[in-house]
Each structure stands twice: as C-alpha cells, then as structure tokens.
Amino acid sequence: GSTIYDADFQLFEEAPPEALLTTVDHVAQALPMGRMDHFVLFYRALFGFIPEQLWEIPDTMGLIQSRTMTSVGREIRLPLNISERRETTTGRFLTTFSGAGVQHIAMASIDIRRTMEQLALRGARFLPIPGNYYEDIEARWGLDETRLEMLRAHNILYDSDDTGEFLHAYTDPFDDRFFCEIVQ
C-alpha cells in the first residue's frame, strides 16, 4: 500500500526550477550610538573577524555609519550600522524596537532582473525608488535608456567602481522592522 512518504512528498518528474537566490550575502545589524566599538571588539575577540573601513551611507533622513566585520576568508560579512538621527532607517529601527538587532538580510542573485520579476509574480513587494534617482544615475554613469528602464521597472539600485557594477533592491519592511535585500 501507500506510505506517509507518498502523501507528504511529491517527487519532481523534471528538474526543479533554478534557484533565484544563491547565498546569504550579509546580515546587517542596527546598533545604538556609541556601541560600534563594543561590537567590533566582540566580533574580533570571539570570532577573529576583521573590521573593514568605516563608510558613511546616505539615508533620506541623515547619514548612517557602517563598518562591516568579515571572517578571515570573507565567507561571513556582518555590517554594523549606527546613526545619530532617529529618523534614518537605522534610527527608526532602534527607537521602535528598543535596541540593537538584525535589521536586514541580503541574499545574492546571479540575475537580479529575473529574480525581481519572479519574486514580484509570487507576491513580494519592493521598496519603490523615486524617479529622480534614475535621472541621477543616468547623469553620473551615462547608462543607456534600455538599462535605465530595466532598473526603473524593477526598483533596482545601481552603483559602479573600478571593480565592477553593484545592483541591489530592497523589499518593503515587514512590520516596519525587518527587510530583505537582493544583491548582484
């Protein structure tokens, strides 16, 4: 007769679909002001992580300071974010939830356009990016209209330097607390 495995598991007759998200790229933590050094020391002493350069990241409501702690082989990356302003995304997270915690998890994709299309079809909601952002990156990098339209259509952010391009997008926050980032 049939077994529990026949009822609970469906075998694929064909190959399963290709994964949209391949790995966890990083896990970002929001920290209160004055706590960055404590967390850097903690990750260095306990895990031997290495602190990277401190960056200032613009938020529509102020600056966020970010320092990534990485494992020796860079398999694990933990950005630590602080902000003096309560109105930034980091500041709102800390105020709303009374302390430090994981603010977002970033997952890597090998084809962010396809990933964003598929996730949208499955009901995922993404952070809307204002139109002037795409005007700014067009002026800064001279991207062609086809590329800009693809970025705009999927709310994908763009950056570039000597090492290559960086594409990323954010989900809408869940309960105004936690969100996911898709990176390529």
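Is R74 buried, partly exposed or exposed? R74 is partly exposed, because its relative accessible area of 43% lies between the cut-offs of 20% for buried and 50% for exposed. This residue sits in the loop that joins β3 (62–70) to β4 (77–82). Its backbone also deserves attention: the phi angle of R74 is near 65°, a positive value in a residue other than glycine.

Before going further, the reader should know that the model is predicted. The average pLDDT of the chain is 89, and 98% of the residues score at least 70. Confidence is lowest in helix α1 (residues 4–8), where the mean is 76, and highest in helix α6 (residues 145–153), where the mean is 96. Where pLDDT is low, predicted coordinates should not be read in detail.

Helix α2 (residues 36–47) is a good place to begin the tour. With 12 residues at 1.5 Å a residue, α2 should span 16 Å, and its end C-alpha atoms are indeed 16 Å apart, so the expected and modelled values agree. Within this helix, M36, F39, V40 and Y43 are buried. Viewed down the axis of α2, the buried residues fall within an arc of 105°, and they therefore line one face of the helix. A general rule helps here: an α-helix has 3.6 residues a turn, so residues three or four places apart point the same way. The buried residues of α2 pack against β1 (23–30), β2 (50–59), β3 and β4. On the other side of α2, the residues D37, L41, A45 and L46 are exposed. Just after the helix comes G48, which takes a positive phi of about 70°.

Aromatic side chains form a further feature of this region. The whole structure contains 9 aromatic pairs. One of them joins Y43 and F49 in a stacked arrangement, with 5.9 Å from centre to centre and 15° between the planes. Both Y43 and F49 are buried. These two residues belong to one aromatic cluster together with F42 and F47.

The discussion now turns to the nonpolar cores. In soluble globular proteins, nonpolar side chains tend to be buried together. The largest nonpolar core of this model has 22 residues, of which M116, I137, L151 and I156 touch the most other members. The elements that contribute two or more residues to this core are α4 (112–121), α5 (131–141), α6, β6 (157–161), β7 (164–170) and β8 (179–183). Apart from this core lies another, of 10 residues, which includes L31, Y43, M69 and L80. Y43, already met as a buried residue of α2, is thus also a member of that second core.

What does I137 contact, leaving aside its neighbours within four places in sequence? I137 is in contact with G142, L143, L148, L151 and Y158. In the loop between α6 and β6 lies N155, whose phi is positive, at about 55°, although N155 is not a glycine.

A last stop is T96, in helix α3 (residues 89–97). T96 is partly exposed, because its relative accessible area is 49%, and the cut-off for an exposed residue is over 50%. T96 and L54 are 42 residues apart along the chain, and their C-alpha atoms are separated by 25 Å.

Notes: Residues are numbered from 1 along each chain as its sequence is written. This is a predicted model: local features need pLDDT of at least 70, side-chain atom pairs count only at pLDDT 80 or more; totals for chains, interfaces and linings use all residues. Side-chain values use heavy atoms; hydrogens and water are left out. pLDDT is the predictor's confidence in each residue, from 0 to 100. Helices (H or I, at least four residues) and strands (E, at least two) are DSSP runs, numbered from the N terminus. A nonpolar core is a set of buried Ala, Val, Leu, Ile, Met, Phe, Trp, Tyr and Cys residues joined through side-chain atoms within 4.5 Å. Buried means under 20% relative accessible area, exposed over 50%, partly exposed in between (1.4 Å probe, protein chains only). Contact means heavy atoms within 4.5 Å. The expected span of a helix is 1.5 Å times one less than its number of residues. The arc is that of the directions from the helix axis to the C-beta atoms. Rings of Phe, Tyr and Trp (its six-membered ring) pair if their centres lie within 6.5 Å; planes under 30 degrees apart count as stacked, over 60 as edge-to-face and the rest as tilted.
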